[in-house]
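The exercises below go through one structure step by step. Work each task with the sequence and coordinates open before reading its solution.

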Amino acid sequence: MQQTRLSGQALPAGEPPADDLDDFDSLVRLHRPRIFRFLLASLRNRETAENLTQDCFVRAYQARHQFRGASSVGTWFMHIAANLVRHHESSSRLKFWRRNLQADADIGDLGRAIPDQQQSPEDLALIQEQVQAIWSAAARLPARQRTVFLLRFVEDMDLLEIAEVTGMKEGTVKTHLFRALQSVRIRVEGTK
C-alpha cells in the first residue's frame, strides 16, 4: 500500500493530510466502513453500531480543530470509536436495553465472506461454524481484551496502532491480546 508522510506519520494511500480536514465528507467516506465494522464487531448490534458510527463522525467534526496530527486521521477516528464503545458498555442507563435486545448482527454473514468458491459445502459449513465459535468466544471477553482482539484481527492493526487507539502502553496491549487469544482458544476448543 502506498503511504504518504506527514509530520513523521505514515498515512494510508488516499487519506488526505491532517490539515485537509476541511474535506470532512471525503474522510467520512474513506473511514466509515472501517469504523462501522469495528463498532459492529464490538457491539454485535447493527442499529447501535450505525448510531455510534454517526456519533463518532459528529464528535470528530465538532473537535476537528483539536486534531494535532500526532497520528493519522484514521487512528484518531478509531480512538473516538473505541471510547464510544467503552462509554456505551459502561452506561448504566443502557444496561436494561442491552439485556433485552438480541444481537441482530448476522455474524454468519461474516463467515460466508471468508471462504473462496472452490470449497465444498461441507468445508464452507465447517468454516462458518469455526468463525461463529470465534465470534461467540470473543463476545465473552472482558471489554479491554475484546477491543484489543477486534482491533488486531478485524481491523488488522499492529500493536503500536492499537496502543494509540486505546491509550494503553504497547506492553499492556500485548498482555491483553495474549490473554484474549488464550481465552478464545480455550472456548473454541471446548466447543469441538
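Ser42 is buried, with a relative accessible area of 7%. The model in which this value was computed is a predicted one.

**Exercise 1. Surroundings of Ser42**

Task: Find where Ser42 lies and which residues Ser42 touches beyond four places in sequence.

Solution:
- Step 1. Ser42 belongs to helix 1.
- Step 2. The 7% relative accessible area is under the 20% cut-off, so Ser42 counts as buried.
- Step 3. Leaving out residues up to four places away in sequence, the contacts of Ser42 are Val85, Glu89, Arg146 and Leu150.
- Step 4. Between Ser42 and Trp135 the C-alpha to C-alpha distance is 9.9 Å, although 93 residues separate them in sequence.
- Step 5. Trp135 is one of the buried residues of helix 6.

**Exercise 2. Length and faces of helix 9**

Task: Check the span of helix 9 against the value expected at 1.5 Å a residue, and determine which residues of helix 9 are buried.

Solution:
- Step 1. Helix 9 runs over residues 170-190, which is 21 residues. The expected span is 30 Å, and the end C-alpha atoms are 30 Å apart, so the two agree.
- Step 2. Val173, His176, Leu177, Ala180, Val184 and Val188 are the buried residues of helix 9.
- Step 3. These residues cover an arc of only 100 degrees around the axis, and therefore lie on the same side of helix 9.
- Step 4. This fits the general rule that residues three or four places apart in an α-helix point the same way, because there are 3.6 residues a turn.
- Step 5. On the face turned away from the buried side, the exposed residues are Phe178, Arg185, Ile186, Glu189 and Gly190.
- Step 6. The packing partners of the buried residues of helix 9 are helix 6 (121-139), helix 7 (143-153) and helix 8 (159-166).

**Exercise 3. Helix 6 as a packing partner**

Task: Repeat the span check for helix 6 and list its buried residues.

Solution:
- Step 1. With 19 residues, helix 6 is expected to reach 27 Å at 1.5 Å a residue, and the distance from its first C-alpha to its last is 27 Å.
- Step 2. Buried in helix 6 are Ile127, Val131, Ala133, Trp135, Ala137 and Ala138.

**Exercise 4. The nonpolar core**

Task: State how many residues the largest nonpolar core has and which helices each supply at least two of them.

Solution:
- Step 1. The largest nonpolar core has 47 residues. Ile35, Phe38, Leu39, Trp76 and Phe77 have the most contacts inside this core.
- Step 2. At least two core residues come from each of helix 1 (24-43), helix 2 (46-62), helix 3 (73-90), helix 6, helix 7, helix 8 and helix 9.
- Step 3. In soluble globular proteins, nonpolar side chains tend to be buried together.
- Step 4. Beyond four places in sequence, Trp76 touches Ala60, Ala63, Arg64, Phe67 and Ser71.

**Exercise 5. Salt bridges**

Task: How many salt bridges does the structure hold, and which parts of the chain does the pair Arg34 and Glu155 link?

Solution:
- Step 1. There are four salt bridges in the structure.
- Step 2. One of them joins the side chains of Arg34 and Glu155, at 3.0 Å from N to O. This pair links distant parts of the chain, with Arg34 in helix 1 and Glu155 in the loop between helix 7 and helix 8, 121 residues apart.
- Step 3. Arg34 is partly exposed at 24% relative accessibility, whereas Glu155 is buried at 6%.
- Step 4. Arg59 pairs with Asp55, with 3.2 Å between the closest N and O atoms. Both residues lie in helix 2, four residues apart, about one turn of the helix. Arg59 is partly exposed at 41%, and Asp55 is partly exposed at 24%.
- Step 5. Asp156 and Arg152 meet in a salt bridge of 3.3 Å, N to O. Shared partners in salt bridges join Arg34, Arg37 and Glu155 into one network.

**Exercise 6. Loop residues**

Task: Compare Arg44, Asp156 and Ser72: is each buried or exposed?

Solution:
- Step 1. Arg44 is in the loop between helix 1 and helix 2. Its phi is near 55 degrees, a positive value in a residue other than glycine. At 17% relative accessible area, Arg44 is buried.
- Step 2. Asp156 is in the loop between helix 7 and helix 8. Phi of Asp156 is near 55 degrees, also positive in a residue other than glycine. At 60%, Asp156 is exposed.
- Step 3. Ser72 sits in the loop between helix 2 and helix 3 and is buried at 9% relative accessibility. Its side chain makes a polar contact of 3.0 Å with the side chain of Thr75.

Note on methods: Residues are numbered from 1 along each chain as its sequence is written. This is a predicted model: local features need pLDDT of at least 70, side-chain atom pairs count only at pLDDT 80 or more; totals for chains, interfaces and linings use all residues. Side-chain values use heavy atoms; hydrogens and water are left out. The expected span of a helix is 1.5 Å times one less than its number of residues. Buried means under 20% relative accessible area, exposed over 50%, partly exposed in between (1.4 Å probe, protein chains only). The arc is that of the directions from the helix axis to the C-beta atoms. Contact means heavy atoms within 4.5 Å. A nonpolar core is a set of buried Ala, Val, Leu, Ile, Met, Phe, Trp, Tyr and Cys residues joined through side-chain atoms within 4.5 Å. A polar contact is a pair of N or O atoms within 3.5 Å; within protein, one must be able to donate a hydrogen and the other to accept it, and residues adjacent in sequence count only if both atoms are side-chain atoms.
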